[in-house]
Amino acid sequence: MTSSTILQRLADTIEARKNADPTQSYVAKLLASSEEKVLKKIAEEAAETIMACKDNDSAQIIYETADLWFHCLVMLARHNISPEAILAELERREGISGIEEKLSRSQN
Ligand SMILES: N=c1c2ncn([C@@H]3O[C@H](COP(=O)(O)OP(=O)(O)OP(=O)(O)O)[C@@H](O)[C@H]3O)c2ncn1[C@@H]1O[C@H](COP(=O)(O)O)[C@@H](O)[C@H]1O
């Protein structure tokens, strides 16, 4: 099982929840609420990830990062963006040093 497979499977589940009953599905409930609710969850999970890092708690870092990625996938679904698009962007950047990339921006 590759890491991109679970991301895509989860994205497919989230997509299917667009037509699900919000009383039966957490994702359907999130998708039926305002975007602000999803964005607040992302901020909350990011803060919890930061706290886990500060505590140097590896298990908690993994748990909170999973929550963060999950809520980012829900946000992407609201915008009809597949995780494939994010993976493709990371792939496009592969081998381009962040330092070089920043320098090329400051020269433009
Ligand atoms: N990966 C996840 C996942 N990760 C986290 N969560 C939920 O995200 C919420 C995280 O919020 P918190 O920890 O802040 O808990 P909370 O305080 O109860 O949350 P709020 O009331 O503030 O929203 C919890 O309710 C978790 O259960 C997830 N819910 C669902 N999934 C996946 O989505 C699929 C579809 O889920 P349903 O739509 O619920 O069937 C599942 O089969 C899973 O694969």
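This briefing covers the helices, the ligand shell, the nonpolar core and a few single residues of the structure above. The model is predicted. Its chain averages a pLDDT of 94, and 95% of the residues score at least 70. The ipTM is 0.92 and the pTM is 0.92. Two themes lead: a shell of residues around the ligand, and a nonpolar core of seven residues.

**Ligand shell**

- Leu10, Thr13, Arg17, Ser25, Tyr26, Val27, Ala28, Asp67 and Phe70 surround the ligand.
- By type, the shell holds five nonpolar, two polar and two charged residues.
- Helix 1 (3-16), helix 2 (26-32) and helix 4 each bring at least two residues to this shell.
- Helix 2 contributes the most, with three residues.

**Nonpolar core**

- The largest nonpolar core has seven residues: Ile14, Val27, Leu30, Leu31, Leu73, Val74 and Ala77.
- Helix 2 and helix 4 each supply at least two residues of this core.
- In soluble globular proteins, nonpolar side chains tend to be buried together.
- Val74 is a core member. Setting aside residues up to four places away in sequence, Val74 touches Ile14, Val27, Leu30, Leu31 and Val38.

**Val27, in both shell and core**

- Val27 is listed among the residues around the ligand and also among those of the largest nonpolar core.
- Val27 sits in helix 2.
- Val27 has 20 other C-beta atoms within 10 Å, so it is buried. The cut-off for buried is 20 or more.
- Outside its neighbours within four places in sequence, Val27 contacts Ile14, Arg17 and Val74.
- Two of these partners, Ile14 and Val74, belong to the core, while Arg17 is part of the ligand shell.
- Val27 and Ala16 are eleven residues apart in sequence, and their C-alpha atoms are 9.6 Å apart.

**Helix 3 and the loop after it**

- Helix 3 runs over residues 35-54 and includes Lys41.
- At 1.5 Å a residue, its 20 residues should span 28 Å; the end C-alpha atoms are 29 Å apart, which agrees.
- Lys41 has 19 other C-beta atoms within 10 Å, so it is partly exposed. Buried would need 20 or more.
- Lys41 and Gly98 are 57 residues apart along the chain, with 29 Å between their C-alpha atoms.
- Asn56 comes just after helix 3 and takes a positive phi of about 55 degrees.
- Asn56 lies in the loop between helix 3 and helix 4. With 8 C-beta neighbours inside 10 Å, Asn56 counts as exposed.

**Helix 4 and the loop after it**

- Helix 4 spans residues 58-78, 21 residues in all.
- From first C-alpha to last, helix 4 reaches 30 Å, close to the 30 Å expected at 1.5 Å a residue.
- Glu64, His71, Leu73, Val74 and Ala77 are the buried residues listed for helix 4. Leu73, Val74 and Ala77 also appear in the largest nonpolar core.
- An α-helix has 3.6 residues a turn, so residues three or four places apart point the same way.
- Asn80 follows helix 4. Its phi is positive, about 55 degrees, although Asn80 is not a glycine.
- Asn80 is in the loop between helix 4 and helix 5. Asn80 is exposed, with 9 other C-beta atoms within 10 Å.

**Helix 5**

- Helix 5 covers residues 83-93, and of its eleven residues the number buried is one, so it lies largely in the open.
- Glu89 lies in helix 5 and is exposed, with 9 other C-beta atoms within 10 Å.
- The C-alpha atoms of Glu89 and Ala20 are separated by 30 Å, across 69 residues of chain.
- Leu87 is also found in helix 5. Leu87 is partly exposed, with 14 other C-beta atoms within 10 Å.
- Leu87 and Leu39 are 48 residues apart along the chain, and their C-alpha atoms are 21 Å apart.
- Gly95 follows helix 5, and its phi is positive, near 90 degrees.

Methods
Residues are numbered from 1 along each chain as its sequence is written. This is a predicted model: local features need pLDDT of at least 70, side-chain atom pairs count only at pLDDT 80 or more; totals for chains, interfaces and linings use all residues. Helices (H or I, at least four residues) and strands (E, at least two) are DSSP runs, numbered from the N terminus. The expected span of a helix is 1.5 Å times one less than its number of residues. A residue is buried if 20 or more other C-beta atoms lie within 10 Å of its own, exposed if 12 or fewer, and partly exposed in between; C-beta atoms are placed from the backbone. A residue is near a molecule or strand if its C-beta atom, placed from the backbone, lies within 6 Å of it. Ala, Val, Leu, Ile, Met, Phe, Trp, Tyr, Cys and Pro count as nonpolar, Asp, Glu, Lys and Arg as charged, and the others, Gly among them, as polar. A nonpolar core is a set of buried Ala, Val, Leu, Ile, Met, Phe, Trp, Tyr and Cys residues joined through C-beta atoms within 7 Å. Two residues are in contact if their C-beta atoms, placed from the backbone, lie within 7 Å. pLDDT is the predictor's confidence in each residue, from 0 to 100.
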